[in-house]
Amino acid sequence: MAEQARTLAMGQDEARQDARGIVEAPFGRALVDLARSRPEIVGLTADLGKYTDILPFRDAFPDRFFNVGMAEQNLVAVAAGLARTGKIPYATTYGVFATRRAYDFIAIACAHSALDVKIIAGLPGLTTGYGGTHQAIEDLALMRMIPGLVVIDPCDATEIAQATAAIADHPGPVYMRLLRGNVPVVLDPAAYRFEIGKAKVLREGRDVGVVSTGLMTERALDAAAALAGRGLSVGVLHVSTLKPFDAEAVAGFAASVDRLVSAENHVAGGGLGSLVAECLFDRGIAKKLHRIGLPDRFIECGSVPHLQARFGLTSQRVAETIAGLV
Amino acid sequence: MRDNLYADTPDLQALRMRAKNLRRHILAMARGQGQGYVGQGLGIADLLAALYFHELRHDPQNVGWPDRDRFLLSTGHYSIALWAALAECGVIPLSELSTYGADGSRLDMSTLDTTPGVEIIGGSLGHGLGQGIGMALGLRLDGSPARVFVELSDGEMQEGATWEAAMAGAHFGLDNLVALIDCNGIQADGAVVLDMEPVAEKWRAFGWQTAEIDGNDMAAIVAALREAREGSGKPKAIVLRTLPGKGVPTLERREKAHFVRVDPGEWDALVAEFERTAETIDG
């Protein structure tokens, strides 16, 4: 019997099985680079600096960094106050705490006044083995309901770096999911250009189209490559921004393929899959949609590869799901 | 910028007159609407008069002045008093007060920051102090002399976010921050439902330089605000014991004063009572 994997300590990275390059702490690096020329950028965290990759910013700009302790409502309130004095605060915590504990503050103290607050949310979806307390499985659904809030689920180190800079130029509140630690490079930094609200076709395909967000874009690309060897043509549309949602791109992509699949590191209801369905129905596009996402239940503790495989989020499981549709 | 900044000898008589004017406006506004948070408004009229006509460095003709002192009304439903103060000092026209609570008016029953002179959206209680801390940090970072005054209430302190903010204010040593805690003893369900005493001891224990005063005594308010100017390295808290409905004996005695509804025929009597009482107050 194979040795069983175990839940890793917080902040430990799972060993990767693929040949992709990695970047360590892409968010922290990008924020430091940006802040050198943008004195209005300030950083905040609620006792999760180490685990949200913001410590490089603290070390580079100690006067512009504020750790408010384990107090997420205050984290967001303080960020709102800083924004009202002309600062651009990047406030980090885990997605579960930002959304479940500080929802009213994101909605009213930030979004209602369109303040320039950037919420950076770690441990998106099923990226930790710490169970339901730490897995932000419904954050995208919660955040996309808030008027005026930009919601971003980046897929890799390239996109995190580009989005970290791009959101500083967007006047208004942003909720961005964070991949931390050793983050894979999926997108070529020389070729890819992140734009808020723009979906990008990363792979053309005729038989099946996968509309994906966050780390599921990596899985969709891997699945498409594997299925190509079996004669199946699978396209991938990467939706980095759930709000504003690029409905035009999704509708155009849907029209170009026979079968449509959505893939998200999030419950299958309320997030990307629901957005795709709304978009198709609004436009009268009759196409069957298969939604890959997490089930409507809380998920247990365990090792992340084990959990992702069990709940259908690995490249292999995505490929199996797609193959089973045709 | 106002000329009488930090006058060493504030004209208490003039400030009491301003407070009377605020109460007069508040009663007129509530009369127009037929109801409102009159009790709270009358209760903090003295504080707002002291702030807007003595302590705050502000410019009614330039509400966006970057170095202005900020006044954050966390209890958005006290808007009736804020509108009265903003009109009395010239930020909004006095003639606009009659629109309080009317559809399309800028003078809402609960504050939105779209009205000139309003620094935050109040009303989701527990939001003000944390935002005040962010402002105080930002202003300090900029080397601004501006200070931040945050009003909050005794009932509001039941929101846990208040204490998250209280810890942070002391941790960051924000001596450009003043919390003004209106203890009027009432909340939505009646008398304060969860005992918050001893209020001043709580703030002291959290590391704030704390004073406790009669919030309807102008001399005490001015003195406490003056003490709060000290650069002690600590945030300041002033606990104001106020009387809801202050200045109108009938309303002072009313048991459930959180939200006052008055019969149309009753207003004349209340206003007459206020004017009679106001005459008897020194100044």
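Let me begin with one pair of side chains, since B:D113 forms a salt bridge with A:R84, and the closest nitrogen and oxygen atoms of that pair are 2.8 Å apart. Please keep in mind throughout that this is a predicted model. In general terms, side chains of opposite charge can pair when their charged atoms come close.

That pair joins chain B to chain A, and the count of salt bridges between these two chains is two. If we turn to polar contacts, the rule finds eight residue pairs across the interface of chain B and chain A, with both residues at pLDDT 80 or more. On the side of chain B that touches chain A, the elements that give two or more residues are α4, which covers 128–141, and α5, which covers 161–171. The largest share of that side comes from α4 of chain B, which supplies nine residues. Sorted by class, the residues on the side of chain B that touches chain A are 12 nonpolar, eight polar and five charged.

How many residues of each chain are in contact here? There are 25 residues of chain B in contact with 24 residues of chain A. The size of an interface is often given as the accessible area lost when the parts come together. For chain B and chain A, the area buried between them is about 1900 Å², and carbon and sulfur atoms give 63% of it. Within the area that chain B buries against chain A, B:H127, B:L141 and B:E164 supply 28%, which is more than any other three residues.

Now let us move inside chain A, which is divided into domain 1, residues 22–184, and domain 2, residues 200–325. Taken over C-alpha atoms, the centres of these two domains of chain A are separated by 25 Å. In this case 32 residues of domain 1 are in contact with 32 residues of domain 2, and the two domains of chain A bury about 2200 Å² between them, with 59% of that on carbon and sulfur atoms. In domain 1 of chain A, the residues that lose the most area to domain 2 are A:L126, A:I137 and A:R144, which together account for 34% of what that side buries.

One of those residues, A:R144, also appears in a salt bridge, where its side chain meets that of A:E278 at 2.9 Å, nitrogen to oxygen. The count of salt bridges between domain 1 and domain 2 of chain A is one, while the count of residue pairs in polar contact between them, both at pLDDT 80 or more, is 20. On the side of domain 1 that touches domain 2, the elements of chain A that give two or more residues are α5, at 139–144, and β6, at 150–152. Of these, α5 of chain A gives the most, with four residues, and by class that side of domain 1 has 17 nonpolar, eight polar and seven charged residues.

Finally, let us look at salt bridges more widely, for which the count over all chains comes to 32. In one of them the side chains of A:D169 and A:R38 meet at 3.0 Å, nitrogen to oxygen. This pair links distant parts of the chain, 131 residues apart, with A:D169 in helix α6 of chain A and A:R38 in the loop between α1 and β2 of chain A. Are these two partners buried or exposed? A:D169 counts as exposed, at 57% relative accessibility, whereas A:R38 is buried, with a relative accessible area of 18%.

A further salt bridge joins A:E72 and A:R101, whose closest nitrogen and oxygen atoms are 3.8 Å apart. Because A:E72 lies in helix α3 of chain A and A:R101 in helix α4 of chain A, the pair ties together parts that are 29 residues apart in sequence. Here A:E72 is buried, at 8% relative accessible area, and A:R101 counts as exposed, at 53%.

In chain B, there is a salt bridge between B:R147 and B:E55, with the closest nitrogen and oxygen atoms 2.8 Å apart. The pair links parts of the chain that are 92 residues apart, since B:R147 is in the loop between α4 and β3 of chain B and B:E55 is in helix α2 of chain B. B:R147 is buried, with a relative accessible area of 7%, and B:E55 is buried as well, with a value of 0%. To finish, salt bridges that share partners join A:R20, A:E218, A:R219 and A:D222 into one network.

Notes
Residues numbered from 1 in each chain as written. Chains lettered and ligands numbered in written order. Predicted model: local features only at pLDDT ≥ 70, side-chain atom pairs only at ≥ 80, totals over all residues. Heavy atoms only, no water. Contact = heavy atoms within 4.5 Å. Buried area = accessible area lost by both parts, 1.4 Å probe. Salt bridge = Lys/Arg side-chain N within 4 Å of Asp/Glu carboxyl O. Polar contact = N/O pair within 3.5 Å; in protein donor to acceptor, adjacent residues only side chain to side chain. Nonpolar A, V, L, I, M, F, W, Y, C, P; charged D, E, K, R; others polar. Domains from an automatic or database assignment. Buried < 20%, exposed > 50% of the residue type's maximum accessible area, 1.4 Å probe, protein only.
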